[in-house]
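Reader: I've got a model open and I'd like a close look at one part of it. Could you keep it informal and spell out your cut-offs as you go?

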Amino acid sequence: YRNRIQSGLPSFLGTNPASFEREGRTTEILREECVAGFKLVGSLSDEQLKKAVILDTAYSHIAIRTSRKALDDEAKGIFYKELDKSQQKMFTELLNIYLGRYPEEYAKDIMKEIEIAGVGELRFAWAGTTKQIPSSLYYYRIKGPTIQIELENVQNNANHVHSIMRDLLHDFGGDQLMEHWKKAH
């Protein structure tokens with residue numbers, strides 16, 4: 001047994017405004033996540049968009065909720081395995097933006113669980129405008145058996161961005177007491 005972060009999730013990032021100027025420089029919070037999401041959705045064919053776009057209008061909030069256990073039963077979107085190699089690379093780059101927020105060993109642990117469950121089982125879902133246009137509202141989700149990531153930019157004319165990442169296996173460190181009861185009693 002090695003020292004291991006048991007859980008670094010859920011994580012929530014958000015800012016209002018998402019983009020602002022200071023001393024002549026523009027700062028955009030979560031810009032990389034937004035640009036990569038638009039890059040992936042922009043690469044999809046019309047047929048793929050029919051699977052990936054789950055709503056023409058963006059959700060008004062993060063869909064996964066704020067409960068202790070990640071509760072989102074929406075199995076919608078396009079599977080990673082339905083993407084071509086170039087799109088899979090974009091998907092992986094987007095996923096790695098989120099994993100890159102964490103220490104390397106912890107990110108590797110998360111990725112290992114994703115791989116065991118099957119990378120091909122990850123889904124990408126989109127709601128709202130698919131073109132990166134100022135003030136256009138949008139939302140996307142990456143969901144698989146072990147992880148869920150969401151980003152939404154729907155408030156303040158799409159200048160109030162939120163992102164959340166949840167571990168569907170170990171959120172909040174899991175439920176150690178329940179695991180003990182299942183195994184020992």
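Reader: How many helices and strands does the secondary structure of the chain come to? And with that in place, where does glutamate 33 lie, and what is it in contact with?

Author: Quick ground rules before we zoom in. This is a predicted model, so local features need pLDDT of at least 70 and side-chain atom pairs count only at pLDDT 80 or more, while totals for chains, interfaces and linings use all residues. Residues are numbered from 1 along each chain as its sequence is written, and side-chain values use heavy atoms, with hydrogens and water left out.

The chain comes to 5 helices and 9 strands; these are DSSP runs, helices being H or I of at least four residues and strands E of at least two, numbered from the N terminus. Along the sequence they run β-β-β-α-α-β-β-α-α-β-β-β-β-α. Of the 185 residues, 45% count as buried, meaning under 20% relative accessible area, with exposed over 50% and partly exposed in between (1.4 Å probe, protein chains only).

Now your residue. Glutamate 33 sits in helix H1, residues 31-43. Glutamate 33 counts as buried because its relative accessible area is 8%. Its side chain has a partner: a polar contact of 2.8 Å joins it to the side chain of arginine 101. By polar contact I mean a pair of N or O atoms within 3.5 Å; within protein, one must be able to donate a hydrogen and the other to accept it, and residues adjacent in sequence count only if both atoms are side-chain atoms. Skipping neighbours within four places in sequence, glutamate 33 is in contact (heavy atoms within 4.5 Å) with Leu94, Ile97, Tyr98, Arg101, Tyr140 and Leu151.

What about the helix around it? With 13 residues at 1.5 Å a residue, H1 should span 18 Å, and its end C-alpha atoms are 18 Å apart, so the two agree; the expected span is 1.5 Å times one less than the number of residues. Glutamate 33 has buried company along H1: Cys34, Ala36, Gly37, Phe38, Leu40 and Val41 are buried too. An α-helix has 3.6 residues a turn, so residues three or four places apart point the same way. The cover over the buried residues of H1 includes helices H2 (46-52) and H3 (85-99), plus strands S6 (123-128), S7 (138-143), S8 (147-153) and S9 (161-167).

That leads into the largest nonpolar core, which has 37 residues, with Phe91, Leu94, Ile110, Leu122, Phe124 and Met165 making the most contacts inside it. Such a core is a set of buried Ala, Val, Leu, Ile, Met, Phe, Trp, Tyr and Cys residues joined through side-chain atoms within 4.5 Å. H1, H3, helix H4 (104-117), S6, S7, S8 and S9 each give two or more residues to this core, and H3 supplies the largest share, 7 residues. Leu94 is thus listed among the core residues with the most contacts as well as among the contacts of glutamate 33. Phenylalanine 124, again leaving out neighbours within four places, is in contact with residues including Gly37, Leu40 and Val41, as well as Phe91, Leu94 and Tyr140. Apart from this core lies another, of 7 residues, among them Ala58, Tyr59, Ala125 and Val154.

One last number for context: among contacts between residues at least 6 apart in sequence, 66% join residues at least 24 apart.
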